[in-house]
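User: I'm new to reading protein structures and would like to go through one feature by feature. Could you walk me through it?

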Amino acid sequence: MTDPDSGGKSSSVRVPAKCHAKLEQLRERTGMTNGQIFIVAIEATHDRLPELLYPGGRIGGGLFAPRGIRAKTSRDDAETQVTYRLFKADFDVIDQLVIDLAAKSRSHLITAALTGYFFGDDEPTQAAE
């Protein structure tokens with residue numbers, strides 16, 4: 001078992017204001033860190049991440065690089081930068097999910113997971129780059 005206080009690495013992600021507000025509320029209510037909430041959100045939405053990442057569908061993935069089909073995004077211009085800390089192994093898992101699911105970036109993946117976790121299917125995902 002890895003010691004949660006060692007081997008950590010920090011990064012940051014820009015999240016829509018609507019997710020940031022929910023993130024702060026959950027952090028205050030539970031005492032979890034941003035990184036822990038990201039893990040909870042990714043775990044909870046794992047089966048739905050392909051649809052959350054590309055609500056309009058996806059093409060490619062064989063001969064061509066996968067990409068979204070005119071993703072139905074609701075561009076929330078108000079974004080907040082959020083710092084988080086995870087184990088290196090956690091970053092490896094996130095980076096592998098980015099590759100496997102053809103997400104544009106860690107931010108795209110985390111934003112999709114947070115949006116799905118906090119809002120279910122009620123809100124389309126912002127495709128963060």
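User: Let's begin with the overall layout. How many helices and strands does the protein have?

Analyst: Keep in mind that this is a predicted model. The protein has five helices and four strands. Going along the sequence, they come in the order β-α-α-α-β-β-β-α-α.

User: What share of the residues is buried?

Analyst: Of the 129 residues, 36% count as buried. You can also look at how far apart in sequence the contacting residues are. Take the contacts between residues at least 6 apart in sequence: 72% of them join residues at least 24 apart.

User: How should I think about a core?

Analyst: The general idea is that in soluble globular proteins, nonpolar side chains tend to be buried together. Here, the largest nonpolar core has 29 residues. The ones with the most contacts inside it are Phe38, Ile42, Leu49, Leu109, Leu114 and Phe118.

User: Which elements give two or more residues to this core?

Analyst: They are β1 (8-16), α1 (17-30), α2 (34-45), α3 (49-53), β4 (79-87), α4 (88-101) and α5 (106-119). Helix α5 gives the most, with seven residues.

User: Can we zoom in on one spot in α5? Is Ala113 buried or exposed?

Analyst: Ala113 sits in helix α5. Its relative accessible area is 0%, so Ala113 is buried. Leaving out neighbours within four places in sequence, Ala113 is in contact with Ala41, Ile42, Thr45 and Leu49. Have a look at Thr45: it is 68 residues from Ala113 in sequence, yet the two C-alpha atoms are 5.9 Å apart in space.

User: And what does Phe118 touch?

Analyst: Beyond its neighbours within four places in sequence, Phe118 is in contact with Cys19, Lys22, Leu23, Leu26 and Ile37.

User: Now aromatic rings. How many aromatic pairs are there?

Analyst: The structure holds four. To read a pair, check the distance between the ring centres and the angle between the planes; an angle over 60 degrees counts as edge-to-face. The centres of the Phe118 and Phe119 rings are 6.5 Å apart and their planes are at 75 degrees, so this pair is edge-to-face. Both Phe118 and Phe119 are buried.

User: Which residues do ring pairs link into a cluster?

Analyst: Phe38, Tyr84 and Phe91 are linked that way. Phe38 also appeared among the core residues with the most contacts.

User: Which charged residue sits over the ring of Phe119?

Analyst: That's Lys18, whose charged end is 5.4 Å from the ring centre of Phe119. There's also Lys9, which lies over the face of Phe91, 4.7 Å from the ring centre.

User: How do people find pockets?

Analyst: Rolling a probe the size of a water molecule over the atoms shows where empty space is left. In this protein, the second largest pocket holds about 150 Å³ of space. Its lining is made of Ile39, Ile42, Glu43, His46, Asp90, Val93, Ile94 and Leu97. The elements that give two or more residues to that lining are α2 and α4. Helix α4 provides the largest share, four residues.

User: What about the backbone? What should I look for there?

Analyst: Most residues other than glycine have a negative phi, and most peptide bonds are trans. Now look at Ala102: it is not a glycine, but its phi is positive, about 55 degrees. You'll find Ala102 in the loop between α4 and α5.

User: Why does Ala102 count as buried?

Analyst: Its relative accessibility is 12%, and buried means under 20%, so Ala102 counts as buried.

User: Can you show me a residue in between buried and exposed?

Analyst: Sure, try Ala17 in helix α1. With a relative accessible area of 30%, Ala17 is partly exposed. Ala17 and Ala78 are 61 residues apart in sequence, but 5.5 Å apart in space, C-alpha to C-alpha.

User: And a case in a strand?

Analyst: Gly68 is in strand β3 (residues 67-68). Gly68 is partly exposed, at 28% relative accessible area. Not counting residues up to four places away in sequence, Gly68 touches Tyr54, Gly57 and Arg58. For distance, compare Gly68 with Ala103: they are 35 residues apart in sequence and 9.2 Å apart in space, C-alpha to C-alpha.

Key. Residues numbered from 1 in each chain as written. Predicted model: local features only at pLDDT ≥ 70, side-chain atom pairs only at ≥ 80, totals over all residues. Heavy atoms only, no water. Phe/Tyr/Trp six-rings, centres within 6.5 Å; stacked < 30°, edge-to-face > 60°. Buried < 20%, exposed > 50% of the residue type's maximum accessible area, 1.4 Å probe, protein only. Lys NZ or Arg CZ within 6 Å of the ring centre and 35° of its normal. Core = buried A, V, L, I, M, F, W, Y, C linked by side-chain atoms within 4.5 Å. Contact = heavy atoms within 4.5 Å. 1 Å grid on protein atoms, 1.4 Å probe; cavity = no way out; pocket = protein on both sides within 12 Å on 5 of 7 lines; lining within 4 Å. Points joined across faces, edges and corners; volume = space filled by probe spheres on them.
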